[in-house]
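Visitor: I'd like a close look at one topic, please: cavities. Walk me through it, cut-offs included.

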Amino acid sequence: MSSVFFPEPMEFVEIVCPIEAAYNVIKKIAEKGTLEVIDINANNFSKPKRFADTFMLCEDAERCLRYIEIHLKSIEGMFPATPNKSQIPILINDLNLAQIAEYLNRADSELHEKINIYQQLQNQISVLRRKLQTLRFYRPIVEKSSSSIFQNSEQSLELAMIDDSQMLLSVAGLAPTSKIQRLFRTVYRVSRRNAILHIGEADGDLIPFAIFVSSSNLQQKVIKICESFTTHVYSFHTNDENLATLDAQIQSEIIQTELVLKDTVSSNIQFLKELSLSFWAWRIFIAREKQIWQTMDFGDFDRIESTVVYQAWTPKRLSKDLLNELQAAALESGTPVPVQIDTTKPEDHPDLVIPTFIETNSFTKSFQTLNNAYGVPNYDEINGGAFYCMYPFLFGVMFGDIGHSIFYILAAIALLILDPIVKKKNIDLGEIGGSVFGFKWLLFFASICALYCGFIYNECFGLPFTMFKSNWVVDVNESTTTLLKWKQEGEIYKFGIDSAWYFKDNELIFLNSYKMKISVVLGMCQMIFGMFLQLINHIHRRDKMEIILVWLPQMLYLVPFFGYLVVIIIVKWCTEFKSNPDYPLDQQENGVNLIQMMISMILSMGQKDETLQLYKEQWPIQTVIVILFIASIPCLLFLKPIYQCIKLRGDPKFNVIEIFVMNLIGVIEFCLGALSHTASYLRLWALSLAHSQLSHVIYEELFVMTLDSNNFVLLFVGFAAFCTLSAAILLAMEAFSALLHAIRLMWVEFSSKFYAGMGTQFKPVSFNKVLKNLKIRN
């Protein structure tokens, strides 16, 4: 495996081969999977593609296969199992593109026809069943006219008219339940209330109805009205014998159509079974052929007669034996003309974009993916993904809790155990599931860092615990019945924060100060480390002037002033103020205010203030720091533009104003960014504090409160609420927030110091990529 710190050295390869050998050469390149072939004709839209017909043949075959795949998946157990990578050579051996494309076109047409027949039969059965349903609702209405039970009702008079006079005509059907009221109102208005309406019980979204009118003209109007509301409209006889005959006839038609449908389904299944036997062979073969014929059109066919010239990029360490392999591929095509290869350095082609290739494995892939989401590294710059090992620690600082981190450690261990099982059984996890398993190592180390920081904070589910003997004891002489005062006694707490600080009146004051300062220290260390990575970039490019004119002034701006803040934080931590005669009484009690000290350093440069003195020789050191800080700004503003003006003098594209303006934008961004980025690292403190305080609140307000009630039911409810909110807020929402803020610090505050991320990913022509798109694994 290559180095993770810089992209791999690339070589520019020019391949000259006979046109008749182009297929075999590109096929060998795709099998090798180490060359990114450049599309020479990408911007030449006026020139037709030489192999466009064959490519479109592959496209049409893929369309047919997609349609076949949809119907294979629609039948349970019909879709064939995905083959292993080792089975592919046997599956696609001796296949012919033209024959497969022709066969698939016939199969596609035949399948379309079979599906259309199946759908027509289904629709026919559905129509017959709706008609039968309507008829069976309609018949009892007519049959009731002969019953003497109803002779005294208004309804019986209406039905008697139907039976005796045969003067009324009928319209029946099924209408949507949401439209039936509007339908009846419309019929009443059109018929001027000269219609008899009947309604049945709803069957799903449809409800049966029957309408009787006195004339054929009115019947036609009613039919048209009903057809505007529903497609299920029928006109039946009022004679019971005719209705019985019609009922039997519809039932017979349904039975016959169902038999035909059953035979059709059986025939369709048999046809799909035959297609499924060769489905994966066709799918893989067509996808490979499509890639080959598409890549064949990338070459230059006009430079040398009867030959094609391909240009490609390849990693230098993977270019061995390339000529011999392509020569062997050309011989397979039967051409006597040998393949020629010309290899040159990337520097000889300044007009081309050199792709970036950084090889990854299952461990480094997740870290590199996060980096590439911000931007792919340029070919000549250091790889930011190599330093994303800091990302889990930033997450741990914000999410530090022993109890909560253990859940994520167990989840990460489960993913690590299940991953080889999933790969062995070739289980399709989908896009989200695959991403979760892909980030398993990142999750594991983030959880470990959260566990470590939890020990530093001495917190487990937001509660302190005692690992060592506390350094604080109650001062009996100074304490009262209402106020307890503590004093230090014995050895300092061995590891992490002393548990005695928790649940005290000054707990937040102490923890805020500690975590705020830790955030600033970590932030400055990471940003200065980023500046040294920028220096490595300049050294790698052998750009001495960038080091002198840009990097050095930036360091003089960032390190003396902002780095000085880190120094005085550490000095204050290491200084004993209490009972120290070197400091005034006020400082012996509260220490030196560092914020006022930094402000005074700028506003009162050179002036001494005994209340702000932290160490000896402080004032001359601060004067030098301020001078360097202020002097660096003119250096940033003018040194590089003046050098560029001298260097580009005589160039027709030379523009003084543009040079100074572009440099000014960069200087403003860096100078303001130094302050804003330092402040941005305070999110480490803010999220850590929020996580801790939310844990305290959930514990005290839900668990402790119900525990004090001495009620089992309330205790159960409180514990359930405590677990639910801990999972929803602390394990889910807070963890997600910490992940987002940590990636923000990596992308903006850290990467902006050295990383451009304007490169292009190395995309070789590879059959493995085809198999990956088809979700075929090893």
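Guide: Helices here are DSSP runs of H or I with at least four residues, numbered from the N terminus. The model is predicted, so to speak plainly, local features need pLDDT of at least 70 and side-chain atom pairs 80 or more, while totals for chains, interfaces and linings use all residues. Numbering starts from 1 along each chain as its sequence is written, and side-chain values use heavy atoms, without hydrogens or water.

Searching the whole structure turns up 2 cavities of 30 Å³ or more (sets of points on a 1 Å grid over the protein atoms alone, where a 1.4 Å probe fits but cannot get out). The largest holds about 50 Å³ of space, counted as the space filled by probe spheres on points joined across faces, edges and corners. Its lining (residues with an atom within 4 Å of a point) starts with Ser600, Met601, Ser604, Met605, Gly606 and Gln607, and carries on with Trp619, Gln622 and Thr623. Two helices, α19 (594-603) and α20 (618-647), each put in at least two of these residues, and α20 gives the most, with 3. By class you get 6 polar, 3 nonpolar and no charged residues (Met and Trp count as nonpolar, Gly as polar; charged means Asp, Glu, Lys and Arg).

Now the second largest cavity, with a volume of about 30 Å³. Around this one sit His404, Phe461, Ser695, Ile698, Phe722, Ser726 and Leu730. Helices α22 (683-707) and α23 (712-750) each bring at least two lining residues, with the largest share, 3 residues, coming from α23. That lining splits into 4 nonpolar and 3 polar residues, again with no charged ones.

How values were computed:
1 Å grid on protein atoms, 1.4 Å probe; cavity = no way out; pocket = protein on both sides within 12 Å on 5 of 7 lines; lining within 4 Å.
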